[in-house]
Amino acid sequence: MDIQIDQTLMNSYEKMREYKQANTYPYFPTIDKYHNQNAILNNGSEYLMFGTCDYLGFNNNQLIKNSSMEAIKNFGTNTYGAQISCGYTKYHNQLETKLANLLNKESAILFPSGMSANMALLSTFFSKEDLIINDQFNHASSFLGSKLSFAKVEAFPHGSLNKLEDILKANQNARNKAIVVDGLFSADGDFSDLTSISDLARRYNALFIVDEAHSFGACGPNGCGASEMYGVLKDVDIITGTMSKAIGSVGGYLAGDSRIIEILRHNSSLYTGSRGSPPAVVAASLKGLELLSLDAGIEARRKLWDNVNFLTNLLRVEEIADSNSYIIPVMIGDDEIALRMSNWLHRRGVLVPAMIYPLVPKNRALIRLGVTAWHTKDECVKLASLLCEAKKLFKF
Ligand SMILES: Cc1ncc(COP(=O)(O)O)c(C=O)c1O
C-alpha cells in the first residue's frame with residue numbers, strides 16, 4: 001500500500017528536490033576528513049569551518065582521544081546491553097558522579113543524546129493535570145517531550161517575561177508547573193534572562209528547568225553553563241545538557257534531585273529501552289569534563305571569549321551581525337537568499353550553514369556562525385571581510 005503523505009511534508013520534499021536540481025541544496029556536505037580544524041570535503045577542497053559547535057576545540061584534543069581509545073581497548077566498541085541491565089560501565093558511573101558534583105546537584109543520569117534526555121524528563125514527570133511552559137524558541141526536544149507528556153503545553157514569545165508571567169498567573173491551579181528554557185539559544189545565540197525567570201519560578205511555585213546544551217562547558221567561571229554565568233545554578237531544579245557541543249563527545253544528561261533521577265532510571269522507556277552511549281564516548285566525555293576545570297579548559301574558554309569579542313566587534317561596526325555569545329546569527333530573513341549566500345561563502349572556501357524553515361521559523365532564515373577557541377584572528381578577519389562583500393551583494 002502506498003503511504004499517504006501530508007501536504008506540508010510533500011511541500012518540503014518538493015522544495016528540497018528543487019534545491020538539489022538548482023544545485024543550492026545546503027545539507028549534508030560530505031566531509032572526508034578534518035585537517036587541523038578545517039574540513040576536507042569529498043571534492044578534495046579544504047574549507048574553513050565556521051559552522052561548528054566545537055566551541056572549546058575539544059573535538060581534536062589528544063587527551064580526550066587517548067581516553068576514548070583506551071576505553072575501546074578495555075571494552076570494545078559497545079556494551080552488552082541497555083544501561084539498566086549490562087551496559088553501565090565504570091565510565092558511566094564516574095561521569096554521572098562528576099556531573100552531579102560539578103553542577104552541585106544531588107544526582108545525574110546519562111542519555112545517548114540531549115534530545116532523548118529532554119524528551120525523557122518531560123514525558124515521564126508531567127501528565128494531564130500539569131502545565132509545561134516553553135520559550136517559543138526552545139529546542140525541538142523540549143517541545144517533543146512536552147507533547148509526549150499529555151500535559152497542557154504553553155509557549156511564550158521568545159524572551160517575553162510578561163507573557164510568561166501571564167501564563168503562570170492564569171494557571172495557578174495546575175498540579176505541577178514547569179518552566180523550560182534554553183540557557184543559550186542554538187540559532188539566535190542569545191541567553192535566557194535566567195535571573196528573572198528564576199524569580200518568576202520561585203514566586204509562582206514552578207519547577208525551573210534549564211537546557212544548557214550550548215552553554216555547558218563554555219559559559220560560567222567553571223564551565224557549568226548559563227545558569228552558573230547568571231548566578232542561579234542552585235535555583236535551577238533540573239539542568240539538562242549534552243556533551244555534543246563544547247565537550248568533544250556526544251551524549252545527554254540530566255542533573256537534579258536524586259529522587260527524580262532514580263525514578264527516571266526505572267520508568268523512562270527512553271532510558272530503559274534504549275542503548276546508552278558506548279564506553280569510548282563516555283570516556284571522552286569524562287576526560288572533556290575533567291579538562292574543563294584544568295588549564296586546558298580555562299585557557300580554551302579565555303580564547304573562545306576573546307574570539308567572540310574580536311569577531312563581534314568586526315561584524316557590529318559593519319552592521320552585519322551582533323551577539324553576546326559564540327553563536328552569531330547573520331539575519332537574512334528569506335530562505336532563498338540565505339541559501340544563495342551560504343553557497344557563495346562555500347565557493348569561497350568557508351563552510352557555514354544556512355538555517356532555513358523548518359529549522360527556524362518562517363522568514364527568519366539566518367547564517368549561523370559558530371566561533372571557537374581555535375579560530376585565529378586572521379580567520380575571523382577573512383570571514384568578516386567576506387561577509388562585508390556578501391552584505392553588499394545580497395542586500396541583507
Ligand atoms: C538547545 C538544545 N538542546 C538539546 C539539543 C540536543 O542535543 P543532542 O545533539 O545531544 O541530541 C540541542 C542540539 O542541538 C540543542 O541545541
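These legends go with a set of close-up views of one predicted model.

**View 1. Here we zoom in on helices α3 and α11, packed with their axes 9 Å apart.** Helix α3 covers residues 90–103, and helix α11 covers residues 279–292. The angle between them is about 30°, and that makes α3 roughly parallel to α11. As for handedness, the crossing of α3 past α11 is left-handed. On the α3 side, look for Tyr91, His92, Gln94, Leu95, Lys98, Leu99 and Leu102. These meet Pro279, Val282, Ala283, Ser285, Leu286 and Leu289 of α11. Sorted by class, the contact of α3 with α11 comes to nine nonpolar residues, three polar and one charged.

**View 2. Next up is the pair α6 and α7, whose axes lie 11 Å apart.** Helix α6 takes in residues 161–170 and helix α7 takes in residues 194–203. They pack at an angle of about 10°, so α6 and α7 are roughly parallel to each other. This crossing is right-handed. Leu161, Leu164, Glu165 and Leu168 are what α6 brings to the meeting, while α7 brings Ser196, Ile197 and Leu200. The contact of α6 with α7 is made up of five nonpolar residues, one polar and one charged.

**View 3. This one shows helices α12 and α14, with an angle of about 25° between them.** α12 runs over residues 295–317, α14 over residues 377–394, and their axes are 10 Å apart. The pair is therefore roughly parallel, α12 to α14. The way α12 passes α14 is right-handed. From α12, the contact uses Asn307, Phe310, Leu311, Leu314 and Leu315. From α14, Lys377, Cys380, Val381, Ala384 and Leu387 join in. By class, the contact of α12 with α14 breaks down into eight nonpolar residues, one polar and one charged.

**View 4. Here is the open sheet of three strands, in the order β11-β14-β13.** Pairing in this sheet is antiparallel. Its edge strands are β11 (327–333) and β13 (354–355), each pairing on one side only. Between β13 and β14 (residues 365–370) there are two bridges, in the antiparallel sense. To find your way, pick out alanine 354, which sits opposite isoleucine 367 of β14. Helix α13 (residues 335–347) lies across β11, β13 and β14. Its direction is at about 35° to that of β14.

**View 5. A closer look at the loop between β13 and β14 picks out proline 358.** Most peptide bonds are trans. The bond joining tyrosine 357 and proline 358, though, is cis, with omega at about 5°.

**View 6. Now for the open sheet of four strands, ordered β1-β2-β3-β12.** Pairing here is mixed. The edges belong to β1 and β12 (350–351), and each of these pairs on one side only. Strand β3 (residues 46–49) pairs with β2 in the antiparallel sense, over two bridges. One bridge to look for links isoleucine 40 with its partner glutamate 46, in β3.

**View 7. Asparagine 36 gets its own close-up, in the loop between β1 (31–35) and β2 (38–41).** Most residues other than glycine have a negative phi. Asparagine 36 has a positive one, near 50°.

**View 8. Last comes the ligand and the 14 residues around it.** The nearest of these are Ser113, Gly114, His139, Ala213 and Thr242. Which helix gives the most to the shell around the ligand? That is α4 (residues 114–125), with three residues. By class, the shell holds ten polar residues, two nonpolar and two charged.

How values were computed. Residues are numbered from 1 along each chain as its sequence is written. This is a predicted model: local features need pLDDT of at least 70, side-chain atom pairs count only at pLDDT 80 or more; totals for chains, interfaces and linings use all residues. Axes are lines fitted to C-alpha atoms, for helices over the stretch in contact, and angles run from 0 to 180 degrees between N-to-C directions. Angles under 35 degrees count as roughly parallel, over 145 as roughly antiparallel, 65 to 115 as roughly perpendicular and the rest as oblique. A crossing is left-handed if the near helix is turned anticlockwise from the far one by less than a right angle, and right-handed if clockwise. Two residues are in contact if their C-beta atoms, placed from the backbone, lie within 7 Å. Ala, Val, Leu, Ile, Met, Phe, Trp, Tyr, Cys and Pro count as nonpolar, Asp, Glu, Lys and Arg as charged, and the others, Gly among them, as polar. Two strands pair if DSSP finds at least two bridges between them. A residue is near a molecule or strand if its C-beta atom, placed from the backbone, lies within 6 Å of it.
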